[in-house]
Amino acid sequence: MLPQRTPFIDLILALCLVVIVVGSLYPFSGWQPLPSGAPAFLFAALPRYVTRNDVSTNLIAYLPLGYLLALRGFRPGHRALPMLFACLAGSGLSIGLEGLQQMLPGRIASNLDVLLNSLGALTGALLALHHARWRRALAVLRRWQLFWFRADAQTRPGLWLLLLWGFTQFALLPQPGVGWLDLHLRPIDMPPADLQQLNVPWFLAVLLEMTTLGAFAACLLRPGRYASAMLLLFISAFALKLLVAAVLLRLKVMGGILSLETLAALVLALWLLLLPSVSRRRRGVAIGLLTLVAASRLLFAPAPLWPSGSLLNLVGLARHLAAVWPWLALIYLLYHAARTRRH
């Protein structure tokens, strides 16, 4: 680990603190006096029902905090001290915020949250020990990016949109279905017995999502990278869906996410994108498909831009970002199409 005391790291650390405080104390209304025996929640029995979404949210929320605190507190020859400082600071912050939640109706102070937050901070601090390796890995990733994608400044926002799409997979729903399509759950060892058991809406939603994603990504590629890039994109997208399902769902119901409908939609979407008529008109195809995704949400979703789910957990935040992703991607492509026509 190398000393890291830059204004940029301080800024990101401050932003992490703001996000954690806002997420812990929202909506900042209805404050009540602190109850007697306030610290008792730390020694109460663990909650009976715990969801993977809550566990993941609490772990991930404090992970960057622990990472940045460990970097900020690094001293040569004292690798354990920044880790200890990051873990204690994360634990102290979590205990303080959970204690304040007792003054807010609708928020529940949880000792399990404190434990998970502390583990998140400790995990971040442990990862910070390998900061130099992460920087080398980012340099390799940068070279990989330059091999596959155009290097101009106009491409960079598109790459950020691709990363944003990756995060929206925590919604566990295909892009057009956020807000109206039910989650497709099925025991992993019970495939459909006949065609009537196939979930056609899920198949169509995944097909539209993956065809749209592929067409959008194709607009960012270097010449000559199309077919191999599409194959790599679809393999990566499938692996990401598998990872997210493993993090948020029990193993026995993952058969819905990784169902015959999902696999068939992926294969068909890849085949459509490899058609010469599609590859030659990738920008027009992407704009048309993004318009279709946005229109389908306007027609079927009760709240097209504000789906159900709390912004304070992974799934809820991912659903809200998934609702705006097609609009952001569409605006990006229309803007660059207009610039191309002007020049």
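How many helices and how many strands make up the secondary structure of this protein? The count comes to twelve helices and zero strands. Keep in mind that this is a predicted model. Reading along the sequence, you just get α after α: α-α-α-α-α-α-α-α-α-α-α-α.

Here are some overall values for the protein.

| Property of the protein | Value |
|---|---|
| Span of the C-alpha trace along the principal axes | about 70 × 50 × 40 Å |
| Buried share of the 343 residues | 43% |
| Accessible surface | about 18300 Å² |
| Carbon and sulfur share of the accessible surface | 72% |
| Distance between the mean positions of positive and negative charges | 16 Å |

On the contact side, take the pairs of residues that sit at least 6 apart in sequence: 80% of those contacts join residues at least 24 apart. As for charges, there are 29 positive and 10 negative ones, and the mean positions of the two sets lie 16 Å apart.

Now to the surface. Carbon and sulfur atoms own 72% of the accessible area, and one nonpolar patch on that surface can be spelled out residue by residue. Val18, Val22, Tyr26, Phe28 and Trp31 belong to the patch, along with Leu100, Trp306, Leu311, Leu312 and Leu317. Together these residues offer about 920 Å² of accessible area.

Where does leucine 100 sit? Its place is in helix H3, which runs over residues 80-101. Why does leucine 100 count as partly exposed? Because its relative accessibility is 32%, and partly exposed covers what lies between the buried cut-off of under 20% and the exposed one of over 50%.

How values were computed. Residues are numbered from 1 along each chain as its sequence is written. This is a predicted model: local features need pLDDT of at least 70, side-chain atom pairs count only at pLDDT 80 or more; totals for chains, interfaces and linings use all residues. Side-chain values use heavy atoms; hydrogens and water are left out. Helices (H or I, at least four residues) and strands (E, at least two) are DSSP runs, numbered from the N terminus. Buried means under 20% relative accessible area, exposed over 50%, partly exposed in between (1.4 Å probe, protein chains only). Contact means heavy atoms within 4.5 Å. Accessible areas come from the Shrake-Rupley method with a 1.4 Å probe; for residues, only the protein chains shown count as cover. Lys and Arg count as positive and Asp and Glu as negative; His and the chain ends are not counted. The place of a charge is taken as NZ of Lys, CZ of Arg, CG of Asp or CD of Glu. Patches are made of residues with over 30% relative accessible area and no salt bridge: like charges are joined within 9 Å, nonpolar side chains (Val, Leu, Ile, Met, Phe, Trp, Tyr) within 5 Å. A salt bridge is a side-chain nitrogen of Lys or Arg within 4 Å of a carboxyl oxygen of Asp or Glu.
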